[in-house]
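Welcome to this guided tour! Please open your viewer and keep the selection tool at hand.

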Amino acid sequence: MTTILVDNDLCTRCGICSDVCPMAIVTPADENTLPAINDTAAGMCIQCGHCEVSCPSQALLLNVRPDEKIPLPAGAGIISPENITFYLKKRRSVREFSKKFVSKEKILDILEISRYAASGGNGQPVQWIVVSDPKKVKKIAGLTIEWMKTLLNSDHPMSNYIPVLIGAWVSGRDVICRDAPHLLFAHIPENNPSASVDAIIALTHVDVAAPAFNIGTCWAGLVAMAALSYEPIQKEIGIPEGRKSAYAMMFGYPLYKTYGIPRRKPLEVIWN
Ligand SMILES: Cc1cc2nc3c(=O)[nH]c(=O)nc-3n(C[C@H](O)[C@H](O)[C@H](O)COP(=O)(O)O)c2cc1C
Ligand code: SF4
Ligand code: SF4
């Protein structure tokens, strides 16, 4: 199969597609030939799409799901430094949620964005489980508490906090999943050394994109820790065979707004 298709009439022989290919497999055009990938090099293509999206003449089509080509309208997605600064600085963890469910369409719109997150070697190993049943969310919170009980009196770094968290749970406060209507799990192949970082990057896309859809998120660290090793929770979540939970996030419609930007530690930078 040809990896790239180049239109002879549109190609200006500018050489950009060869320059930007991270695998250096696109041979440059000359007067008589078009940019090309030879058969031996084709297997090295990571399907990143840079050759296609960097072609100023729209002359190059990556021959991988070619029907999925997404146009980029002029000016789309441009955001001013001031707006991105406020947008990101005002992102907050949300821990009080409305009971209203987020529609499947909206969840898919947000997850769709995460498909474009960076991943090692463009491996895109991250897949998702969305829990939308409050009883199941509560059960997962309860199982996280059960996991915590196994750490009582151990040297686990969490062991000092555990009695307080268990006490709050017993008194009826969901300090684990915050009564969130939804839980999101990013899961990854068991034996992929870069996938755990890929999952955090993909989840960060979700975390950052969600407020634009009026959705609030909170990283569910306690659930994520339990899901790493506690089999009952892994079963409840339904992680597919050969894969493991990478991290978890609660989400839903925020109950409250914020009216400011909190203080943070000053920047510490070493300039070398
Ligand atoms: C890896 C990670 C795990 C977290 N786990 C929890 C958690 O289990 N429960 C919770 O209420 N908040 C959790 N948080 C949210 C942090 O407490 C929060 O990001 C921090 O206090 C800063 O607040 P901000 O996100 O509003 O800036 C987690 C955050 C991260 C990045
Ligand atoms: S998709 Fe990426 S790796 Fe493949 S030829 Fe194009 S630029 Fe190179
Ligand atoms: S970037 Fe486009 S126009 Fe330039 S050489 Fe490659 S295919 Fe031709």
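Is Glu236 buried or exposed? Select this residue and take a look before reading on. Glu236 counts as buried because its relative accessibility is 17%, and buried means under 20%. One thing to keep in mind as you explore: this is a predicted model.

**Stop 1: around Glu236**

Stay with Glu236, which belongs to helix H10, residues 231-237. Now show its neighbours. Leaving aside residues up to four places away in sequence, Glu236 touches Lys136, Lys139, Ile140 and Leu143.

**Stop 2: the whole chain**

Zoom out and colour by secondary structure. You can find 10 helices and 6 strands in the chain. The C-alpha trace spans about 75 × 45 × 45 Å along its principal axes. The radius of gyration of the chain is 23 Å, whereas a compact globule of 272 residues would have one near 19 Å.

Next, try a surface view. The accessible surface comes to about 16,900 Å², and 56% of it belongs to carbon and sulfur atoms. Of the 272 residues, 36% count as buried. If you colour by charge, look for 27 positive and 26 negative side chains; the centres of these two sets lie 14 Å apart.

Contacts tell you how the chain folds back on itself. Among those between residues at least 6 apart in sequence, 77% join residues at least 24 apart.

**Stop 3: strand S6 and its partners**

Select residues 243-252, which form strand S6. Why is S6 described as largely enclosed by the rest of the structure? The reason is that 8 of its 10 residues are buried.

Add strand S4, residues 182-189, to your selection: S4 and S6 run antiparallel and are joined by 8 bridges. To see one pairing, pick His187, which stands opposite Ser245 in S6.

Then add strand S5, residues 216-219. S5 also pairs with S6 in the antiparallel sense, over 4 bridges. Here, look for Thr217, which stands opposite Phe251 in S6. As you look along the strands, remember that in a regular strand the side chains alternate between the two faces of the sheet.

**Stop 4: helix H9 under cover**

Select helix H9, residues 221-229. Which of its residues are buried? They are Gly221, Leu222, Val223, Ala224, Ala226 and Ala227. Show what surrounds them: the cover includes helix H6 (134-149), helix H7 (162-170), S4, S5, H10 and S6.

**Stop 5: two loops**

Go to Glu241, in the loop between H10 and S6. Glu241 is exposed, with a relative accessible area of 80%. Set a distance between its C-alpha atom and that of Glu190: the two are separated by 9.1 Å, although the residues are 51 apart along the chain.

Now find Pro211, in the loop between helix H8 (195-209) and S5. At 33% relative accessibility, Pro211 counts as partly exposed. Its C-alpha atom and that of Val64 are separated by 32 Å, with the two positions 147 residues apart along the chain.

**Stop 6: two positive phi angles**

Most residues other than glycine have a negative phi. With that in mind, select Arg13, which has a positive phi of about 60°. Arg13 sits in the loop between strand S1 (4-6) and helix H1 (16-20), and is partly exposed, at 28% relative accessible area.

Finish at Arg65, whose phi is also positive, near 40°. This residue lies in the loop between strand S2 (60-62) and helix H4 (81-89). Arg65 counts as exposed, at 54% relative accessibility.

How values were computed:
Residues numbered from 1 in each chain as written. Chains lettered and ligands numbered in written order. Predicted model: local features only at pLDDT ≥ 70, side-chain atom pairs only at ≥ 80, totals over all residues. Heavy atoms only, no water. Rg over C-alpha atoms; globule rule 2.2 N^0.38 Å. Buried < 20%, exposed > 50% of the residue type's maximum accessible area, 1.4 Å probe, protein only. Contact = heavy atoms within 4.5 Å. Areas by Shrake-Rupley, 256 points an atom, 1.4 Å probe, with all protein chains shown as cover. Lys, Arg positive; Asp, Glu negative; His and termini not counted. Charge placed at Lys NZ, Arg CZ, Asp CG, Glu CD. Pairing = 2+ DSSP bridges.
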